[in-house]
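Q: Could we go through how the chains of this model meet one another?

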There are 4 protein chains.
Amino acid sequence: MTTPLFKGIIAYPITPFDHNDKVNIPLFRKQVERLVVSGAHGIAPLGSTGVMPYMSDEEKEAVTEAAIQQVGKRVLTLVGVSNLTTERTIYHAEFAEKAGATAVMIIPMSYWKLTDDEIVKHYDAVASRISIPIMAYNNPATGGVDMSPVLLKRLLQIPNVTMIKESTGDVQRMHYLRKELGNDVAFYNGSNPLALAAFAAGAAGWCTAAPNLIPALTLALYEAIQRNDLNKAREVFYQQLDLLKFIVARGLPRAIKKGLELLGEDGGELRSPLQSLSDSDTAELEGILSALGK
Amino acid sequence: MTTPLFKGIIAYPITPFDHNDKVNIPLFRKQVERLVVSGAHGIAPLGSTGVMPYMSDEEKEAVTEAAIQQVGKRVLTLVGVSNLTTERTIYHAEFAEKAGATAVMIIPMSYWKLTDDEIVKHYDAVASRISIPIMAYNNPATGGVDMSPVLLKRLLQIPNVTMIKESTGDVQRMHYLRKELGNDVAFYNGSNPLALAAFAAGAAGWCTAAPNLIPALTLALYEAIQRNDLNKAREVFYQQLDLLKFIVARGLPRAIKKGLELLGEDGGELRSPLQSLSDSDTAELEGILSALGK
Amino acid sequence: MTTPLFKGIIAYPITPFDHNDKVNIPLFRKQVERLVVSGAHGIAPLGSTGVMPYMSDEEKEAVTEAAIQQVGKRVLTLVGVSNLTTERTIYHAEFAEKAGATAVMIIPMSYWKLTDDEIVKHYDAVASRISIPIMAYNNPATGGVDMSPVLLKRLLQIPNVTMIKESTGDVQRMHYLRKELGNDVAFYNGSNPLALAAFAAGAAGWCTAAPNLIPALTLALYEAIQRNDLNKAREVFYQQLDLLKFIVARGLPRAIKKGLELLGEDGGELRSPLQSLSDSDTAELEGILSALGK
Amino acid sequence: MTTPLFKGIIAYPITPFDHNDKVNIPLFRKQVERLVVSGAHGIAPLGSTGVMPYMSDEEKEAVTEAAIQQVGKRVLTLVGVSNLTTERTIYHAEFAEKAGATAVMIIPMSYWKLTDDEIVKHYDAVASRISIPIMAYNNPATGGVDMSPVLLKRLLQIPNVTMIKESTGDVQRMHYLRKELGNDVAFYNGSNPLALAAFAAGAAGWCTAAPNLIPALTLALYEAIQRNDLNKAREVFYQQLDLLKFIVARGLPRAIKKGLELLGEDGGELRSPLQSLSDSDTAELEGILSALGK
């Protein structure tokens with residue numbers, strides 16, 4: 001098996017705004033720094049967690065540059081560049097490459113449900129314009145389209161599409177990917193409550209916003225898997241499961257912002273229409289964090 | 001029952017592009033003109049059919065102005081102004097009002113699934129900034145969120161949210177709307193294959209791209225309903241059903257563009273990643289149109 | 001269009017039990033009599049409403065004979081004879097024919113999801129042993145299998161499979177049936193809340209338990225359709241919609257039994273594990289019936 | 001953690017019929033014997049695999065006695081006694097206890113969707129009549145009802161309901177069971193393609209028909225888990241995954257019968273409407289088995 005480019009915990013920062021609805025770049029850099037020093041193996045700005053689709057081109061460029069500069073090659077960077085149109089996706093992918101990103105992540109956002117041919121053409125057009133690797137990302141819940149394993153296989157024939165991120169939450173998808181794509185294609189889990197099952201199935205890494213709140217537990221799970229210690233992996237997974245389920249159920253940007261505040265950190269503001277967690281949800285999150293000794 | 005603002009056939013133009021991926025405004029105006037002279041009761045630019053989410057702010061402003069000028073108050077205009085952020089939605093709603101739109105249509109686009117409170121706050125923020133009526137539009141297939149009848153009821157308490165467009169394709173939703181909202185709230189059907197069932201259930205109008213290809217048949221259905229002639233309505237509905245199902249299944253922008261070409265009209269270009277219909281789909285559409293004597 | 005065998009309101013009696021969990025045949029005959037005298041165009045014992053799958057062979061035979069004798073050819077009879085095994089289905093179909101049933105209704109009950117070939121073979125085996133017509137019944141919610149329109153078309157090639165009952169609750173299925181099967185195949189609606197949409201789409205009849213509680217309203221809907229009076233049909237449909245939705249949501253046997261009691265009739269007992277409606281559901285039903293002047 | 005009653009591989013025999021559609025008891029005993037000597041930790045007659053719902057009371061009694069006698073207490077026995085009515089479920093549960101079964105398995109079969117209260121009352125009525133343990137079995141795909149984790153928790157308050165079998169195929173259900181029910185409640189996996197994920201999540205055992213065809217591989221998976229060797233477990237899981245997926249996709253009774261024949265064993269006949277695998281499916285199964293060196 002080829003060693004995959006990314007391995008382990010790939011941490012997703014949120015994008016904090018200030019009270020005037022502007023991106024708060026200094027706070028963003030501070031949040032990225034926390035993720036790096038707490039041990040994440042990679043940093044992925046402008047994911048769903050980073051509310052990428054809610055931002056203007058200029059804002060996304062500023063966040064891309066800030067993330068890459070702050071990381072400073074201490075770990076790898078994976079930048080989200082997805083866009084509804086092919087033209088804008090190319091634009092952001094080229095920008096990320098120039099800014100120094102290790103790789104880009106692309107989900108085929110769709111308002112109109114795309115055909116398989118349209119999706120292949122879309123990735124192909126972007127791939128031909130950059131030389132860094134592409135992680136194809138499947139997440140029907142946010143992207144609106146569900147890429148079948150057959151389609152993913154077609155995408156992997158494009159030279160620099162080398163990684164797959166699966167967020168359907170169905171472990172049998174991962175089984176299929178491993179069986180069909182073979183050991184040489186790295187796949188990544190993007191569904192937090194599936195972290196244990198995905199590693200058991202052979203996922204190379206876990207794309208997650210959880211390190212914003214519980215970095216040590218996410219690392220402990222990966223390390224137990226690395227040591228082939230299933231019993232320990234199961235134990236640390238069940239410890240963090242309530243938190244993983246909560247942040248997914250309430251929406252990652254909302255839950256991480258509030259969690260940071262409960263931990264004494266500045267979470268920044270959300271951009272409308274996204275609003276802060278309700279009081280009862282906040283109380284539930286507080287209970288989960290305090291059960292973890294936070 | 002109060003007379004609803006819009007009644008009958010509300011026709012949705014596509015947005016044609018040129019070979020340089022620019023909006024083709026002269027062609028757009030020509031397509032709008034065809035819809036007006038063929039008898040549509042209203043014109044709705046920048047809907048899903050008009051690929052609104054794939055366009056820049058400037059492009060949407062140009063299309064809004066072109067549509068309203070071309071219509072010239074001969075019929076009503078309903079302009080799509082939906083956006084992921086509340087701030088941009090307000091911006092486009094204000095623009096449409098200033099440009100002379102009769103009303104605006106807003107779907108709560110969502111990348112992150114919005115809570116009911118967030119959706120209410122979103123509509124409320126927009127409504128407080130304009131004085132023309134708002135049609136709230138529910139279409140989980142393209143917008144990503146399914147507004148429950150309970151939520152729609154809350155939205156209708158905002159003074160200028162006065163119309164509901166339902167595109168779930170579930171006729172029982174329309175029954176619920178009529179029962180719960182009473183006769184004074186107009187609801188509109190946005191699901192083409194549901195046209196007969198929706199009118200039978202009491203829909204005030206039909207939001208549809210079909211008049212681009214078969215204006216007379218869509219009008220004939222509405223007129224039969226107006227005359228309380230169910231047998232005739234059923235007959236003309238079954239005549240056009242194959243076409244209605246085809247344009248939905250293949251995606252409205254793709255199907256209307258190709259249909260226009262088959263009728264000898266200029267359909268313009270699509271914007272990537274959307275691609276033209278495949279040859280086999282084109283042949284199927286040709287068969288359907290020629291069975292209708294086109 | 002050939003005149004269909006059954007037309008209008010096909011009424012489904014429940015099967016009442018006594019306090020010793022035995023079928024209460026005298027009460028059943030009384031309930032059948034109520035349906036006949038209140039104007040139903042057909043009587044269908046041993047449907048889902050009649051809890052057929054919960055009964056022994058002997059019990060089903062007794063109910064079949066009681067229903068046919070009580071009806072005494074005043075209207076048509078349609079007897080449910082479905083069974084998991086082909087052998088038992090044949091047995092009950094032969095019994096029903098000998099007892100004098102006008103036709104039998106067969107749903108392909110499935111514990112193991114049957115293939116299309118298995119379903120065709122199943123119907124074919126039964127059809128070859130009887131000479132009365134068969135109504136093929138599609139109801140994934142209770143039967144566990146969803147017969148596609150393509151499969152239904154295959155079944156209609158068996159000479160005495162001449163009628164289709166659709167209970168998916170999707171009006172577009174009915175559109176398909178009418179388009180694909182042509183005017184000569186009668187289809188029947190088995191989804192109560194779809195009654196108006198189904199008649200609008202051309203259904204020949206409505207298979208329903210509602211006449212146990214509101215016979216006049218169900219007849220009024222059919223008669224308005226017969227007179228091509230959509231406005232009246234819509235009006236009487238909305239009058240009865242709350243009741244139609246209630247009896248489906250709570251389960252027909254439970255809701256009809258309790259409704260009969262609220263109307264001053266003997267509803268008999270249910271067979272375990274089915275239990276009587278809860279107090280709050282009973283109060284809701286009481287409210288719905290009293291709003292109808294009952 | 002209390003030691004669970006059943007652990008490891010719980011093997012499900014099919015029920016073979018002869019050419020006259022009678023249960024072939026001698027062949028059934030031979031098939032049970034194969035499962036015992038190949039190392040299964042428990043034998044479970046009259047499951048879905050054993051086509052229990054397709055059989056008469058007398059046939060089920062004969063199969064129960066034959067299985068228990070053939071096993072002869074060498075391993076544990078778990079007898080399926082589910083029935084649509086409470087009265088018949090009690091009858092078969094009492095019969096199984098008298099015949100010497102270690103425990104019974106009960107799925108709340110439903111034609112009419114049961115309420116939670118009805119399901120609790122059903123289990124309670126059966127439990128009060130027997131003294132051996134009950135495994136509550138959740139399988140919406142065959143049983144028609146999906147028991148929520150909340151309901152399962154209620155069932156576990158009945159003293160002899162001590163085990164849960166989950167067949168939804170959703171690993172997150174297992175996470176929930178482990179978190180909510182605690183370590184003292186044993187849960188079992190009934191979804192073959194979920195075998196690895198379920199053991200990783202802490203399942204006590206795997207209820208499976210696969211040992212009819214690949215006993216050594218199923219045991220090897222369990223043993224790797226017992227040794228805390230995730231890498232080995234993953235390896236043997238992927239070896240058998242194609243077979244596991246095939247037998248589920250084609251229906252266990254059909255696939256196991258044909259698989260036995262391909263292995264040179266007598267598979268007996270199926271009962272109509274179930275039919276033998278098609279030629280192309282048979283060829284696919286042959287390929288899968290020969291890739292496993294069979």
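A: In this predicted model, 25 residues of chain A are in contact with 25 residues of chain B; two residues are in contact if their C-beta atoms, placed from the backbone, lie within 7 Å. Local features need pLDDT of at least 70 and side-chain atom pairs count only at pLDDT 80 or more, while totals for chains, interfaces and linings use all residues. Residues are numbered from 1 along each chain as its sequence is written, and chains are lettered from A in the order in which they are written.

Q: Which elements give two or more residues to the side of chain A that touches chain B?
A: They are α3 (86-99) and α4 (116-127) of chain A. Helices are DSSP runs of H or I with at least four residues, numbered from the N terminus.

Q: And which one gives the most?
A: α4(A) does, with four residues.

Q: What is that side made of, by class?
A: It has nine nonpolar, nine polar and seven charged residues. Ala, Val, Leu, Ile, Met, Phe, Trp, Tyr, Cys and Pro count as nonpolar, Asp, Glu, Lys and Arg as charged, and the others, Gly among them, as polar.

Q: Turning to chains C and D, how many residues does the contact take from each?
A: It takes 25 residues from chain C and 25 residues from chain D.

Q: How can chain C be laid on chain D?
A: By a turn of 180 degrees and a shift of 0.0 Å along the axis, with an RMSD of 0.0 Å. That is the relation of a two-fold axis. The superposition is by least squares on the C-alpha atoms of residues with pLDDT of at least 70 in both copies.

Q: Which residue of chain C comes closest to the rotation axis?
A: Gly144(C), at 3.4 Å (C-alpha).
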